[in-house]
Amino acid sequence: MIKIGNRSAQPSAAGSSAPSLPYWTRGDTNAFFGLGINVLVNVIVLTSLCLFVVNIPKDEVFGAILPALGIAMLIGNLFYAYLGRRLAAKEGRDDVTAMPYGPSVPHMFIVVFVIMLPIYLKTKNPMQAWQAGLAWAFIIGIIVVIGAFVGPTIRRYAPRAAMLGTLAGISIAFISMRPAAQMWDAAWIALPVFGLLLVGLLTDLKLPWNLPIGAVALAVGTAIGWIGGFMDTPAVSEAAKDIALSLPTFHFDRLLDGLRDISPLLATAIPLGVYNFTEGMTNVESAASAGDNYNLRPILLADGLGAIVGSALGSPFPPAVYIGHPGWKSAGGRTGYSLATGGVIALLCFCGMFGLLGAVLPLPAIVPILLYIGLLIGAQAFQVSPKAHGAAVIAAIIPNIASWAAGLIDNTVTTAVGVAANLDPAVKLTVTDADLEGNSVLLHGLHLLGDGAVLAGLVLGSIVAFIIDKRFISATIASVAGAGLAFIGLIHAEKVEWNAGGGQVALGYLFLAVVCGIWALTRPEPRIPDAEEIALEREHGIPAQTPRTPGHADPAATEPAATGPASAAAGSTAEPVASATAAPGSSA
């Protein structure tokens, strides 16, 4: 476990020589292999998602999307390294570590499976799906830029259980389930890789010579896949033909086409943009606790502008500050590892190397890393939320599970209809909601619950958390907000429109607001947080979200700060900070 403590800046004394921060240290090598391998795997995965899930043409993936992502990685990591060196010069120190940076893993899956894939399945047009992804990433960037100015206020009032719970729902349904199915299709390759990752990333055990576990696990899975005959040698030769230099160019026309139908994108872009800058704030607090006190605003502005510029260049994948700063700092990383990661990833993107890497690396050896990320994202919602809010976390998860289940049923019915038509074109197979409900498949209810699932989970989780805390005025406000969002179709509706769905869901939220309002009139005492909850807030710089009773003694004042898995995962959706050489999976 890394010991994290606040370290006050010590400006150099007048007339003394301030220590110089070197551009490369031995520790930068360890940090580079950890962060670099992680970002490398993430880009391989998003390349495969574009090619084989949304079916975007190879020329567009390697000629537009990857170069756009590459320039974002290069500029972002250069800027984060600059911020680190500026902080080192300001405080006269030689041990400042740059913030890690890369494509946001949760957003990577959400833009593919929640935004682009449904449009592709409906229109059979991958270009239209790509345009929607660009518009979505652009909106995310705008929200994160706004969040640089309003984020602290939102962070103060939004329950962590609701914010992280809705992300946990995404991690379970849209990040974990598909990789898990792919793993068990070739379990003989995937499970040894998964086991190595669990040992290396969830325990304090280290490999000999402190080798990075992510790279070793990937190498073991690749060796098993090739020796076992799983891989295809001609595919490597074919992928090598895609290697070509491609530099980023602007795609304003595609972005503008995507923005013409903006309303359906808002239901996920708004809450995920809010989540993005909220997690960014948490990661900055984590770095401050390790001794590097960064200014929050430039960090968030870099994330937001990276998404905006990236979408204009053709990338639907927003970048974000990653979890793991204390781990890279403990490994001895300074600013060189950030510069190297940005440069190497950008070079690989510009040269179109990720198709070749995808042909060399077996998919079952890659997806266990994604399942691990999904596990951490889901677990974090419980680890850094108050124990009393466990039900609120589940409430925030449920709409995302409903959205996943509804999509799976829709795709199954569509497949069945298509197969029947191919067998006998004269047969016109129709499947109604009544037919499904007769077999206990409640598709209509799942759609109502799951439409706008990310925002719906945030609202529902907030209401439950406020009720648990006996903060009924806040619960009333959240219920009224839910009614308004449902009325205009941002949640629980197929599309954004006035009086969406006849207003029956909105009416339900209004009745819930009345119930909460009646309880508010009784003026009950708010729930008093326990010592562990207050210690967790203190350790990670999280503002208190449960009002303290006047005169109530702070139980954390005499308690040591919480340690263990909960503290390791706080502020992260990727990896415990205790792992100095392992690769953090994600930020936001």
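Where in α2 does a kink of about 30° lie? The views below, taken from a predicted model, start there.

**View 1. The kink in α2.** The kink lies at Leu66. The proline Pro67 follows shortly after. The bend there is about 30°.

**View 2. α2 from end to end.** This helix covers residues 58-91. Its end C-alpha atoms are 48 Å apart, which agrees with the 50 Å that its 34 residues should span at 1.5 Å a residue. Gly92 comes after α2. The phi of Gly92 is positive, near 65°.

**View 3. α1, a mostly covered helix.** α1 runs over residues 26-52. Of its 27 residues, 21 are buried. From first C-alpha to last, α1 reaches 39 Å. That is close to the 39 Å expected at 1.5 Å a residue.

**View 4. The second largest pocket.** Its volume is about 610 Å³. The lining has 31 residues. Closest to the pocket centre are Ser48, Phe52, Gly358, Ala359 and Leu363. Several helices each give two or more residues to this lining: α1, α2, α3 (105-123), α5 (160-185), α8 (233-240), α14 (354-360) and α15 (363-383).

**View 5. Make-up of the pocket lining.** Which helix gives the largest share of the lining of the second largest pocket? α1 does, with seven residues. By class, 22 lining residues are nonpolar. Five are polar and four are charged.

Methods: Residues numbered from 1 in each chain as written. Predicted model: local features only at pLDDT ≥ 70, side-chain atom pairs only at ≥ 80, totals over all residues. Heavy atoms only, no water. 1 Å grid on protein atoms, 1.4 Å probe; cavity = no way out; pocket = protein on both sides within 12 Å on 5 of 7 lines; lining within 4 Å. Points joined across faces, edges and corners; volume = space filled by probe spheres on them. Helix = DSSP H or I, 4+ residues; strand = E, 2+ residues; numbered from the N terminus. Nonpolar A, V, L, I, M, F, W, Y, C, P; charged D, E, K, R; others polar. Expected span 1.5 Å × (residues − 1). Bend = angle between axes of the 7 residues up to and from the residue. Buried < 20%, exposed > 50% of the residue type's maximum accessible area, 1.4 Å probe, protein only.
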